[in-house]
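Reader: I would like to learn how one strand can sit inside a folded chain. Could you take me through it step by step?

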Amino acid sequence: MRYEVVLAPEAATGYRGLPAYRRAEVRDALERHLRHEPIRASKSRIKRLRGLSQPQYRLRVGEVRVFHDVTREAVEVLAIVTKAEAARWLAEHGTPSAPGSTG
């Protein structure tokens, strides 16, 4: 199945703020990993985030982290941030799961 990749305004701003070579890496990773298998967790690329209902997943692209949610037809990219900014972004924008849920 081919998913539509949709960038939230904050993600688009983060993407535009990256150097050109990093933008190319992220664009290639979005196409390669999120377009076809956005929930296929792996040790090195896609990780399901525990304890959060949003974002659901994190894609690692070198020194960049792409936080995203997946619906039936689309992948919503919530943020594109550097590794150094990732923990702060999650603390500010992450939505904790309800106690007892499996998220």
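Author: This is a predicted model, in which local features need pLDDT of at least 70, side-chain atom pairs count only at pLDDT 80 or more, and totals for chains, interfaces and linings use all residues. Residues are numbered from 1 along each chain as its sequence is written, and side-chain values use heavy atoms, with hydrogens and water left out.

Reader: How many residues of strand S5 are buried?

Author: Strands (E, at least two residues) and helices (H or I, at least four) are DSSP runs numbered from the N terminus, and S5 covers residues 64–70. Buried means under 20% relative accessible area, with exposed over 50% and partly exposed in between, for a 1.4 Å probe and protein chains only. By that cut-off, the number of buried residues in S5 is seven of seven.

Reader: Which residues of S5 point the other way from Val64, Val66, His68 and Val70?

Author: In a regular strand the side chains alternate between the two faces of the sheet. In S5, Val64, Val66, His68 and Val70 point one way, and the residues that point the other way are Arg65, Phe67 and Asp69.

Reader: What is the order of the strands in the open sheet?

Author: Two strands pair if DSSP finds at least two bridges between them. S4 (residues 57–61) is antiparallel to S5 and joined to it by five bridges, while S5 and S6 (residues 74–82) pair in the antiparallel sense over seven bridges. The open sheet has five strands with mixed pairing, in the order S1-S6-S5-S4-S2.

Reader: Which residue in the turn between S4 and S5 has a positive phi?

Author: S4 and S5 form a hairpin with two residues between them, whereas the hairpin from S5 to S6 passes through three residues. In the turn between S4 and S5, the residue with a positive phi, of about 60 degrees, is Gly62.

Reader: Which element gives the largest share of the largest nonpolar core?

Author: A nonpolar core is a set of buried Ala, Val, Leu, Ile, Met, Phe, Trp, Tyr and Cys residues joined through side-chain atoms within 4.5 Å. The largest has 19 residues, and Val66 and Ile80 are among those that touch the most other members. Elements giving two or more residues to this core include helix H2 (20–34), S4, S5 and S6. The largest share, four residues, comes from H2.

Reader: Which residues are among the members of the other core?

Author: Apart from the largest core lies another, of eight residues. Its members include Ala79, Val81, Ala86 and Phe67.
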